[in-house]
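Subject: Structure for you to look at

Hello,

Here is the structure I said I would pass on. Please open it alongside this message, and then read the notes below with it on the screen.

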Amino acid sequence: MKKNYYLWLVLLLFSVTVVQAQEKSILGTVSDETGIPLNGVNIIIKGTSTGTQTDFDGNYVINASIGQTLLFTYLGFEKQEQLILLNSNRINVLLIEDVESIGEVVITGYGKQSKRKIIDAISSVKSEDIKEIPNSNFQNALTGKLSGVQINQANGKAEGKISINIRGVASLSGNQEPLYVVDGVPIINDQESGSSAPTNPLVNINANDIESVEVLKDASSAGIYGSRGTNGVILITTKSGKNGKAKVTFHSAYGFSEAINKRKWLNANQYVELYMEAATNAGQSRAQIEAALDGLATDDLGNISDWRNGNIDTNWQNEALVNGNIQELSLSISGGDDKSTYFMSLGSNNTDGIVRGNSLERYNFRINARRKLSERFNVGANISIARSSIDRISADRQFTTPLQAVALVPISPTHNEDGTLNGNTLYDNFLFEEEFGFFETNIWNLGGVAFGEYTIIEGLNFRSELGYEFFNQSEEVFSGSEIPRNGGLSNGAGRTVSRDYLTFNNYATYNKKLGYSHDVNVVLGMSYEENNRKGISVQGDSFANDLIQTVDGATNITGGSTTRVSNKLVSYFGRATYSFADKYLLKASMRVDGSSRFGPNNRYGYFPAFSAGWIATNENFLNNSKTFSFLKVRGSWGITGNQPLGSFDYLSRLGSASYDTVSGQFISVVGNADLGWEETTQLNFGLDYGLFGNVVTGEIDYYIKDTKDLLLNGRQPLSSGIPGNVILTNIGEVKNSGIEFSINTKNITKDNFTWDTSFNISYNKNEIIKLVDGDDIIGSAGDRDYSILREGESFGAFYLVEYAGVDPENGDALYYTNTELEDGSIERIKTNVYTEASRIVVDKALPDWIGGMTNTLRYRDLDFSFTFQGQWGAQIYNSAGLFQASGFAGGKDNQSIEQLDRWQQPGDITDVPRADLSGDAVESTRYLQDADFIRLRNLTIGYNFKNLWNIDMIRVYFSGLNLLTFTDYDGWDPEATRDDLPGTFARGYEFYSAPPAKVYTFGINVEL
């Protein structure tokens, strides 16, 4: 009997072993709580490196043995384990939303945190939100998607500068841009263009490599970056590999582009009619007028176009604004196991711009890898290489820029009768620059970070990061002898700027749960940063011939310079967060920065921050609320800083001069050893909410942002003998305050159809509190001065004579005198004498409100999304109006079509004065207009083919950019900004600034 017992026991153990060793194919579907399939869920056989991912329908197939366990993980959901039994052939899994994160993990400075416990003002977008938006830069893809963040592209040039303001403008003369941090490493955003037209320093970042973008808006979130957090911080996290099989993704897109708007100008007949009237009003005879028109219509060969019979009508705008195209290609491979992960990508972007002669060609390579060397030690590296080649055009204020061609007259031909270019035009014929010259910029970026992370004990990690960025921008300019303004001599220039930027971060993170109620996270670390910059430029003329187009072919070297600049930053930082009972949240941080940009008396800055939060829905009285599924109240306070733009502003500097061949030096700038940081104190109150089972979620924030110790030029006594009698000092104050509101709704959630909406709107009030001795600072835009900094007014305020319309009796332009009387009141009497009118502060360039709304609809495998953005309360000044909308008072430039509504006889009621060639072209609010607009920023419609030809997914889509713009502004674009002005006074001014592109793109994505 005992023998039989042992025999049965052996047979049983053998059977179990055989059963467990049997490998079988397991399939199933993974969905969320509402039944919607989840794509990209990681499925790993526990204890092995074998795994797979779900496809777009949530389906998976994996080979496993009986007795093994499948581990299902997905960001924002609780992990789940499933044991494989004898009868387990199909395992369907329902993943539960992780209430700890409300579906999101947010990247913060030197760490990450579940959104549920974030008590700072942070906005974020994911890769899904910005993909398939055709553009040559990633910043434009963020437009309209982030509350409190204004994104403005200066013009429609492919490489055009992008300005981003987070919660208003906090500096008047210092840096106004946010700090960019890529994969934990700050990057330099300095402007390196040799032209007065800036380029976008971040043009080499490939949007297809981005996993997420977080924007740190308040002092508590940005305070960990201390002296560079005043303007906010933008954290860019690039993609990484995930456990599971290798995933190959290919993307190709091709698009067509055109200007979003073309203005209406006088045609040849209208030009002749209006010019004759203006010249007649100026007292010229018919013979004088026709002689002048003949001169304008004459080409280089002496041929006069037949303007009298209307046989010429040159559309110069169509010569400048052309149809462009864009082509994007990218290929990525990612994957990994429980020890290693990797992501590799190749990408290219080729953009032919909408402005003739402007194009961009970019190539990117990236590899991100991570390796688990042991249970305690991880290493990794993120490395990228990028190159952009840009064919550029002149700055907005130069006659050779294509858009200034609209000033040329329609009776003047582009070419002579023999087919050669016509050089006898009112101003430069820009087509000569395209044919006989070039302006080429090449930008190289090599950068990345290598890191190691060691677990000292459970919950205590130490991480060391070594970041490096090499940036090189070279520019070559050549202007051939055939170009009329060169007088038969060719000229050229070369310029190269190289910069290497080193970052070394070391920090420890302690993360511990103490008992049931206490969660503690502490970060302590230091950072060292070193930025070295070298530049060289040289100019020459009288080239031997036009075939030699580099400066070494110049007979005369007419100029040159070399520069070498270095600055360093040493920092110590710490942050502690505490959670009690998952209801009461506290955070404190401190950063100490020591910068070589400041003198020995004020080299170190101290930047503390505090925040607190309360998750009310974890209290018993709200725990079972049918209305509030989530409610968190939070508040923060902190101090951040801003550094000067220069590296040696605290030092006295020497200038050179010569007299009678004797050279010498003099003190040109007085140093200030007490020069310190601009400091911003920010107070923020916020509310995060979820309603009706998180069908409705969102945030509300109110902030006060006060910046003191602004870097401004203070006065020196005349006896100092210093040119300008000024010294850079810390004096001045500016305040921003506002409210941000965002709401996300799941409008329809059904098995086959979903509709989601995301809406945000923000209000900001900017006010200058204090300036040097309370005096105004009046700007200068070229030879114009129509902007002002004044206490009590907004940054970007306009300072102009107020236009009062047209005198119906004689057609004179009228202006309000706005004379200040002895009792302080203002007398507003109309006058036709411009000099009798006083300038006043009127309106501003900064908007009161900005907002955006995105709708996403999905029906089975078809999806449709669109984003609107807008701004309200800003004004824009057309500083070219003096020439193009003055009835020829500013010259013979072609006029906008509105000038046909001019006054012609007594009794006419109009806002356009009589046309008069002898009139005065003067600055006034006549050329100031509202810059309010609503724009259909982007639209995408796509279809996913799944499991077709053994391919996981093939997606085809159409995407549009800037498809519709609703505005009352009669210029090219209400967001246009002159690209030849410094940042302080550049806002809200247009001067022949190219409009952005309207882009239609067709694309395909393939995933294997």
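Two strands count as paired if DSSP finds at least two bridges between them. You will need that for the hairpin that joins β20 to β21 through 4 residues. Please keep in mind that this is a predicted model.

The hairpin and its neighbour

Strands β20 and β21 run antiparallel and are joined by 14 bridges. To find the pairing on the screen, start at Ser-359, which stands opposite Asp-391 in β21. Strand β21 also pairs with β22, again in the antiparallel sense, and here there are 15 bridges. One place to look is Ser-389, whose bridge partner in β22 is Asn-442. When you look along strands like these, a general point helps: in a regular strand, side chains alternate between the two faces of the sheet.

After β21 the chain enters a loop that leads to α7 (431-436), and Ser-394 is located in this loop. Is Ser-394 buried or exposed? Its relative accessible area is 15%, so Ser-394 is buried, the cut-off for that being under 20%. The side chain of Ser-394 makes a polar contact of 3.3 Å with the side chain of Gln-398.

Two open sheets

An open sheet of 4 strands has the order β3-β2-β5-β6, and its pairing is antiparallel. Which strands stand at its edges? They are β3 (51-53) and β6 (80-83); each has a single partner strand, so one side of each has no neighbour in the sheet. On average, neighbouring strands of this sheet are turned by 20° against each other, with direction ignored. Within the sheet, β2 (residues 42-45) is joined to β3 by 3 bridges, and the two run antiparallel. Asn-42 is the residue that stands opposite Gln-53 in β3.

Another open sheet has 3 strands in the order β50-β49-β53, and its pairing is mixed. Its edge strands are β50 and β53 (989-990), each of which pairs on one side only. Strand β49 (residues 875-878) pairs with β50 over 3 bridges in the antiparallel sense. There, Gln-875 stands opposite Asp-930 in β50.

The loop between α8 (881-884) and β50 (928-930) holds Asp-911. With a relative accessibility of 57%, Asp-911 counts as exposed, since the cut-off for exposed is over 50%. Asp-911 and Gly-811 are 100 residues apart in sequence, while their C-alpha atoms are 9.4 Å apart in space.

For contrast, look at Asp-582, in the loop between β26 (554-580) and β27 (584-595). Asp-582 has 18% relative accessibility and therefore counts as buried. A polar contact of 3.5 Å joins its side chain to that of Arg-116.

Cavities

Empty space is found by rolling a probe the size of a water molecule over the atoms. How many cavities of 30 Å³ or more are there? The count is 8.

The largest cavity holds about 470 Å³ of space. It is lined by 35 residues, and those closest to its centre are Val-182, Ile-187, Ile-205, Arg-366 and Ser-384. Several elements give two or more residues to this lining, among them β20 (359-372), β21 (377-391) and β22 (437-457), the strands described above. Strand β22 provides the largest share, 5 residues. By type, the lining of the largest cavity has 19 nonpolar, 11 polar and 5 charged residues.

The second largest cavity holds about 340 Å³. Of the 32 residues that line it, the closest to the centre are Asn-135, Asn-140, Gln-153, Leu-961 and Ala-997. Elements that each supply at least two residues of this lining include β11 (149-153), β18 (324-336) and β54 (997-1007). Strand β11 gives the most, with 3 residues. The lining of the second largest cavity divides into 12 nonpolar, 14 polar and 6 charged residues.

A good place to begin on the screen is the hairpin of β20 and β21, and from there you can go on to the largest cavity, to whose lining both strands contribute.

Regards

Terms used. Residues numbered from 1 in each chain as written. Predicted model: local features only at pLDDT ≥ 70, side-chain atom pairs only at ≥ 80, totals over all residues. Heavy atoms only, no water. Buried < 20%, exposed > 50% of the residue type's maximum accessible area, 1.4 Å probe, protein only. Polar contact = N/O pair within 3.5 Å; in protein donor to acceptor, adjacent residues only side chain to side chain. Axes fitted to C-alpha atoms, helices over the stretch in contact; angles between N-to-C directions. 1 Å grid on protein atoms, 1.4 Å probe; cavity = no way out; pocket = protein on both sides within 12 Å on 5 of 7 lines; lining within 4 Å. Points joined across faces, edges and corners; volume = space filled by probe spheres on them. Nonpolar A, V, L, I, M, F, W, Y, C, P; charged D, E, K, R; others polar.
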